[in-house]
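Subject: Structure handover

Hello,

Here is the structure for you to look through. My notes on what was found in it follow below.

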Amino acid sequence: MLPQEVYVASVGSGEGLAHQYAHREKGGKLVRDRNSVLFVAPEVQGLGALGSRSGSTMDSQLRQGWSGEALGFAYADATKRLPIEEHSYRMGLSVGVQPEHADILLDASDGGTPQRLVWGRTTDPTVSRATRGEPIEPLTLKDLDWTISDEFGLPYVIPVCPEAEDMILAAHEARQRGEGDALDGHALFAREKLAVPIAVLHGRQEVTPKDWWLAGLVMTRSDQTRAEAQSVLAARQPSL
């Protein structure tokens, strides 16, 4: 079996996100084109310009997509509606961010956009032509059964380990008390989103303590990278 290609699309507008998943034919029939899309924004300045337009729905639609909420708008004209039901799709977003322009994302913390991102460096100080290795072969994943999980027709539910559950519940209690850093409001959800593909890469359909621990390492690096960007921005501020 040939590896399945990931469908990639540029970010255009909030309204346009749903159009990557479905369209309406003549006569008004709604046709679903695909269930998974990787949206890309090579330059964060472009994403910021789209989000800053008057009446833009870009940020809100991306946040809804991150949580698996329903996409689309209830236009008065039914032929323009493209309802994408909650949890019926997969959405990924890759954004290229230079530290000097990270404020475009960080300044939107009130809305919750930067909290939902996993930050990572794209540079490697160890890269050298002398140590260049052989090309890496694609990883073949184990076939897993993701069919409906019960007689009520609910989607497959991925179990998580007790360690993850306890930490998530404790963080929820803290948020309800108004404790914690606003920039970390969705950190554990992001960690959980990382733990699941780590499990799948190892052929598992449940999040084990090791998967949760590995996802925590990635989130630690993400926090460090975000802090580095914040330090760059702080250094550019004029001194008083």
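Ser 222 sits in helix H7; helices (H or I, at least four residues) and strands (E, at least two) are DSSP runs, numbered from the N terminus. Ser 222 is buried, at a relative accessible area of 2%, where buried means under 20%, exposed over 50%, and partly exposed in between (1.4 Å probe, protein chains only). Leaving aside residues up to four places away in sequence, Ser 222 touches Leu 117, Val 118 and Trp 119; contact means heavy atoms within 4.5 Å.

Please keep in mind that this is a predicted model, in which local features need pLDDT of at least 70 and side-chain atom pairs count only at pLDDT 80 or more, while totals for chains, interfaces and linings use all residues. Residues are numbered from 1 along each chain as its sequence is written, and side-chain values use heavy atoms, with hydrogens and water left out. The pLDDT, the predictor's confidence in each residue from 0 to 100, averages 84 over the protein chain, and 89% of the residues score at least 70. Of the elements, H2 has the lowest mean pLDDT (80) and helix H6 (residues 187-201) the highest (93).

The protein chain has seven helices and five strands, in the order β-α-β-β-β-α-α-β-α-α-α-α along the sequence. Of its 240 residues, 26% are buried.

Now the interior. The largest nonpolar core (buried Ala, Val, Leu, Ile, Met, Phe, Trp, Tyr and Cys residues joined through side-chain atoms within 4.5 Å) has 24 residues, and those with the most contacts inside it include Val 11, Phe 39 and Met 58. At least two residues of this core come from each of helix H1 (14-19), strand E4 (36-41), helix H2 (44-51), H3, H4 and helix H7 (209-236). A second, separate core has nine residues, among them Ala 164 and Ile 198.

In helix H3 (residues 58-67), the buried residues are Met 58, Gln 61, Leu 62, Arg 63, Gly 65 and Trp 66. After H3 comes Gly 68, with a positive phi near 75°.

What about the outside? The accessible surface of the protein chain is about 16,100 Å², and 55% of that belongs to carbon and sulfur atoms; accessible areas come from the Shrake-Rupley method with a 1.4 Å probe, and for residues only the protein chains shown count as cover. Leu 141, in the loop between helix H4 (103-106) and helix H5 (162-176), is partly exposed, with a relative accessible area of 41%.

Regards
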